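Open the model in your viewer and keep the selection box handy. We will go from stop to stop, with a selection to make at each one.

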Amino acid sequence: MLAELGHFSLVLALLMAILLAIYPMWGAQRGQQVLMQTAKPLTVGLFLFTLFAYVCLTQSFIDNDFSIAYVAHNSNTLLPWYYRMTAVWGGHEGSFLLWVLIFALWAVAVAVFSRGIPLDILARVLAILGMVGVGFYLYILLASNPFERLLPFYPVDGRDLNPLLQDFGMIIHPPLLYMGYVGFSVVFAFAIAALVAGKLDATWARWSRPWTLAAWVFLTLGIALGSWWAYKELGWGGWWFWDPVENASFMPWLVGTALLHSLAVTEKRKVFKSWTVLLAIAAFSLSLLGTFLVRSGILVSVHSFASDPTRGLFILGLLVLVIGGSLLLYALRAPQLRSAGRYELLSRETMLIGNNILLCSATLVVLMGTLLPLVHKELGLGSISIGAPFFDQMFVYLIVPFVLLLVMGPLSRWKNQSLAALRNQLLAGLGLSLLAVLLLNLGRDGLSYMAVLGMALSVWIAIATVQEVRQRLSAVNHGLAGLKALTPSHWGMVLGHLGFAATIMGIAMVTSYSVERDVRMSPGEQIELQGYEFRFLGVEALTGPNYTGHVAKLDVFVEGKKISHLQAQKRFYTVQRNVMTEAAVDPGFTRDLYVALGEQLSNGDWALRVYVKPYIRWIWGGAAIMALGGLLSMSDKRYRMARLVKASEPVSKLAGESV
Amino acid sequence: MKRIGLFLLPLGLFLLITLFLLQGLFSNPRDIESSLLDKPVPSFSLPDVMDASVQYGPEVFQDQVTLLNVWGTWCVTCAVELPFLTQLREQGVRIVGLYYEQELDPDFGGKTIQQIRADINKTVSQLGNPYVFNIFDHSRDTSMDFGVTGAPETFLIDQQGRVRLHHVGDLNERVWQNKFLPLYQELSQ
């Protein structure tokens, strides 16, 4: 019964989306208030019906209703209740239901929080979201229905949730990532609505910024969490694999980052308009492309759900309509945009556009690396694989000019910056950072150039950020009390850049100074790695609710003092017949100790992988700081909805504020 | 309107990508095409698995059409195809084995060469021996150069020593008739 109700509710949601796509847009084009006002209630309806369908599916999981095919394939009576709730997005159909739920949530958020936006713009934005929604609801109903029944012959028990997904990180990783992906649909809708209306101005940029920030914050957290999960769960001690699906989430992030900065310029200086619009379209397009890559099984990856060409075709058709259509509209409308502001070669505008270009180059590198194997094969040139070395090398080339611009940008003025002043600050910053790196590396043998480069870049960003805050303080001339005068969005920028510096530091240290050993050990044996003594106590049997396995116990000593006890597990999930590694990690501010349990060898010894990973927490910590920066920026008064009522407020008043 | 060309660029790029995605949808990502096709076999110098003093190089593929079969006694599917391969040998097909040992790790070590030889002798005496000889890829480097992703895999190599076909998975009657035989007959003439 629940399944049928849920299914019916989804049909109603589709109906809402269709109405939403038609009436408000019609009203906006004709100037009819009544039609425009239907946008909000229709959006709320869309959300409520989707939510109801989602709740129905969740309840079916909790009730272990194995007459529903999707439940039978992704759950089991032995599965703990919290995993039964998260199993809703453990497979293809359910994760798509979550996708549309989050989509509807964003739409309703736009409807509720945009009181200051003129009705015709809001009607258009919601109508665009409705159009995109029609495609997705059609897809879920026609090609990927989670409520399909297995009647009359249904299984007594389910096939269990993929054990890879039975982990806390996995409970929140997909929803966060989807919040990010789908969040760009709002920015996209704003851009398309502005193109349709022919009104691309500073107010458009100001409305888009908080939504872009919100999506970007979620995406940042989602990616960081995914990386943390892979580190813990896959048992190779890696944190980023350049897997096609990781790339698919990284591309919207890169473009989203570019968009954040470009929107700032468009809002402040009314330049780069057509570029910003293109980025807004690209961010959502890449999110959709990511969805396609995961759903279609076109690329082999740990994330792929089963291949099914009909589903792939449907999504590809959707991509062509949504992305192709919007790019066509862009090609027709963008040439009429004129940028008003003027700026010199040495100015903040130039630095920001430079960074934009580098971010887009990085996106292209990732896109090419991801799709090239496919293109190569389809051209009949044979199968190739592009691995981490290619991406690593390209990113090393890109990061140096990127950081240089990142350091110069905030220190430069809009319009025109004097070379001499900038040069002095840069040299001082560079000198200080080299000195700091020298001190940090004193006494370390086996110095790596890559690590030194990464550390220098990281420290330089941090120093330049401090320089910029000082420069701003001396401008307001209040001493330290002036710190309060800085806007939240300014602090957002400061945190964003500091977080980025922390991430670079983590990456540089981990890639260059990680040590790992594959060892065979018998109980009582110990090995030494970088001053840490790992003593192997032995292996015990393990029984969980839906798995059995082994757990290896180790004590870690430094100079004879016990500092940690580690338990590395190897689990065998009985229903899915899968073996999973649960690595044991002793986290630390400057290093992680990481042990993964391998196979038992013929003579009773065990194979173990032992790692010492310096500064790896900094990678995710940096991402968290960046996300915090994004949140701070969002809290800026300027975006508060009450203020937006005065949308006609002259932009020039804001020109003195920060990015 | 001159500038419109520039603004059409993203659309063009997107449509181009779409074409490839469309094509990719209908091909199996696990269906791997060798990048060695129509190229000479990679160079190598490896011993015979039974006799370390005998060395082989790419010249063993000259002047004869050869099937190069990648296998190991640890591989279950390889055992399944041995009888059929033996039939082929009886029909006059030249089959060379490229042997690699799963339980011999370059770092960890593992099985001794004596154990490996004993296992091979046991397996081929039970299931048939299709091989003229077996090249022993102890470090698995040559398998990598050939683009081997697992075992069993079979390459058809022509008289000039060029790879003409790469098959992943077991070689059975159906695969032989449909995939190998036409090309094999053409090359043998």
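The tour begins with whole chains and then moves to single helices and residues.

**Before you start**

This is a predicted model: local features need pLDDT of at least 70, side-chain atom pairs count only at pLDDT 80 or more, and totals for chains, interfaces and linings use all residues. Residues are numbered from 1 along each chain as its sequence is written, while chains are lettered from A and ligands numbered from 1 in the order in which they are written.

**Stop 1: all of chain A**

Select chain A and colour by secondary structure. You should find 19 helices and nine strands; helices (H or I, at least four residues) and strands (E, at least two) are DSSP runs, numbered from the N terminus. Turn the C-alpha trace along its principal axes, and chain A spans about 80 × 75 × 55 Å.

How does the radius of gyration of chain A agree with that of a compact globule? For 659 residues a compact globule would be near 26 Å, and chain A, at 27 Å, agrees with that. The radius is taken over C-alpha atoms, and the globule rule is 2.2 Å times the number of residues to the power 0.38.

Now colour by burial. A residue is buried if 20 or more other C-beta atoms lie within 10 Å of its own, exposed if 12 or fewer, and partly exposed in between, with C-beta atoms placed from the backbone. Of the 659 residues of chain A, 51% count as buried. A contact means that the C-beta atoms of two residues, placed from the backbone, lie within 7 Å. Among contacts in chain A between residues at least 6 apart in sequence, 74% join residues at least 24 apart.

**Stop 2: two domains of chain A**

Select 1–161 as domain 1 and 515–617 as domain 2, following the domain assignment of chain A; such bounds come from an automatic or database assignment. The C-alpha centres of domain 1 and domain 2 of chain A lie 43 Å apart. Where they touch, domain 1 of chain A gives six residues to the contact and domain 2 of chain A gives five. The domain 1 side of chain A divides into three nonpolar, one polar and two charged residues. Here Ala, Val, Leu, Ile, Met, Phe, Trp, Tyr, Cys and Pro count as nonpolar, Asp, Glu, Lys and Arg as charged, and the others, Gly among them, as polar.

**Stop 3: two buried helix residues**

Centre on A17(A), in helix α1 (residues 2–30) of chain A. A17(A) counts as buried because it has 30 C-beta neighbours inside 10 Å. Which residues is A17(A) in contact with, leaving aside neighbours within four places in sequence? Show L46(A), G130(A), G133(A), V134(A) and Y137(A).

Next, go to W211(A) in helix α9 (residues 202–233) of chain A. With 27 C-beta neighbours inside 10 Å, W211(A) is buried. Not counting residues up to four places away in sequence, W211(A) touches G183(A), V186(A), V187(A) and F190(A). Draw a C-alpha to C-alpha distance from W211(A) to F190(A): they are 21 residues apart in sequence and 9.6 Å apart in space.

**Stop 4: two positive phi values**

Most residues other than glycine have a negative phi. E559(A), however, has a positive phi, near 45 degrees. Look for E559(A) in the loop between β4 (547–558) and β5 (561–573) of chain A. E559(A) counts as exposed, because it has 8 C-beta neighbours inside 10 Å.

Y615(A) also has a positive phi, near 60 degrees. Find Y615(A) in the loop between β9 (606–614) and α18 (616–634) of chain A. Y615(A) has 22 other C-beta atoms within 10 Å, so Y615(A) is buried.

**Stop 5: chain B and its helices**

Switch to chain B, which has five helices and nine strands. Buried residues make up 29% of its 189 residues.

Select helix α1 (residues 4–25) of chain B. Its end C-alpha atoms are 32 Å apart, which agrees with the 32 Å expected of 22 residues at 1.5 Å a residue; the expected span is 1.5 Å times one less than the number of residues. α1(B) bends by about 30 degrees at P10(B), where the bend is the angle between axes fitted to the seven residues ending there and the seven starting there. P10(B) is also one of the buried residues of α1(B), together with F14(B), L21(B), G24(B) and L25(B).

Finish at helix α5 (residues 173–188) of chain B, which spans only 19 Å between its end C-alpha atoms, whereas a straight helix of 16 residues would span 22 Å. Zoom in on F180(B), shortly before the proline P182(B), to see a kink of about 55 degrees. Is α5(B) largely in the open or buried? The number of buried residues among its 16 is zero, so α5(B) lies largely in the open.
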